[in-house]
Amino acid sequence: MTRRAKRKAMDAAPRCGARTRSGGACKAPAVAGKKRCRMHGGAEGSGAPLGNKNAVKDGKFTREAIKERRAAAERFRIARWVLSKELRRKFPG
Ligand SMILES: [Zn+2]
């Protein structure tokens, strides 16, 4: 293939179209037989992790973590309430 022919083939190749960090679409040519370019999942091991793992930083706000914190807070509330009752009973006034 001549350089010109290669250039033509590249230009005619389907584009990747993955959303980029700047919000636009990736315009790199897709890997042959794939829908994405070599950076965006066309190549083995490339692209974003499965699911939305990019959004998870420390798991502090997962459903489970929030539930756990609320349950702990509730236990503290109950403990405080019981303690305050007990203290009032022992030391009235
Ligand atoms: Zn791409």
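This is a short talk on the overall shape of one protein chain and on three of its residues.

Okay, so, first thing to keep in mind: what you're looking at is a predicted model.

Let's start with the whole chain. The secondary structure is quick to list: 2 helices and 0 strands. How is the chain divided? There's domain 1, covering 1-55, and domain 2, covering 58-93. And if you take the centres of domain 1 and domain 2 over C-alpha atoms, 52 Å separate them.

Now the dimensions. Along the principal axes, the C-alpha atoms fill a box of roughly 95 × 25 × 15 Å. The radius of gyration comes out at 29 Å, where a compact globule of 93 residues would be near 12 Å. Burial goes on the same slide: 8% of the 93 residues count as buried. And for contacts, if you take pairs at least 6 apart in sequence, 2% of them join residues at least 24 apart.

Next, helix 2. You'll find it at residues 63-90. From first C-alpha to last, the 28 residues of helix 2 reach 41 Å, close to the 40 Å you'd expect at 1.5 Å a residue. So how many residues of helix 2 are buried? The number is 0, so helix 2 lies largely in the open.

Right, over to the other helix. Helix 1 runs over residues 3-12, and Met10 sits in it. Is Met10 buried or exposed? Met10 is exposed, because it has 10 other C-beta atoms within 10 Å, and the cut-off for exposed is 12 or fewer. One distance to note here: Met10 and Ala30 are 20 residues apart along the chain, and their C-alpha atoms are separated by 9.6 Å.

Just past Ala30 we get to Val31, in the loop between helix 1 and helix 2. Val31 has 19 C-beta neighbours inside 10 Å, so it counts as partly exposed; being buried would take 20 or more. What does Val31 touch, leaving out residues up to four places away in sequence? Its partners are Arg36, Cys37, Arg38, Gly42 and Ala43. Looking back along the chain, Pro14 is 17 residues from Val31 in sequence, with 8.7 Å between the C-alpha atoms.

Last stop, Gly47, which is also in the loop between helix 1 and helix 2. Gly47 counts as partly exposed too, because it has 15 C-beta neighbours inside 10 Å. Again leaving out residues up to four places away in sequence, Gly47 touches Arg36, His40 and Gly41. You'll remember Arg36 from the Val31 list. Cys37 was on that list as well, and its C-alpha is 9.1 Å from that of Gly47, with their positions 10 residues apart in sequence.

To wrap up: two domains with centres 52 Å apart, a helix 2 lying largely in the open, and a loop holding Val31 and Gly47. That's it from me.

Notes
Residues are numbered from 1 along each chain as its sequence is written. This is a predicted model: local features need pLDDT of at least 70, side-chain atom pairs count only at pLDDT 80 or more; totals for chains, interfaces and linings use all residues. Domain bounds come from an automatic or database domain assignment. Helices (H or I, at least four residues) and strands (E, at least two) are DSSP runs, numbered from the N terminus. Two residues are in contact if their C-beta atoms, placed from the backbone, lie within 7 Å. The radius of gyration is taken over C-alpha atoms; the globule rule is 2.2 Å times the number of residues to the power 0.38. The expected span of a helix is 1.5 Å times one less than its number of residues.
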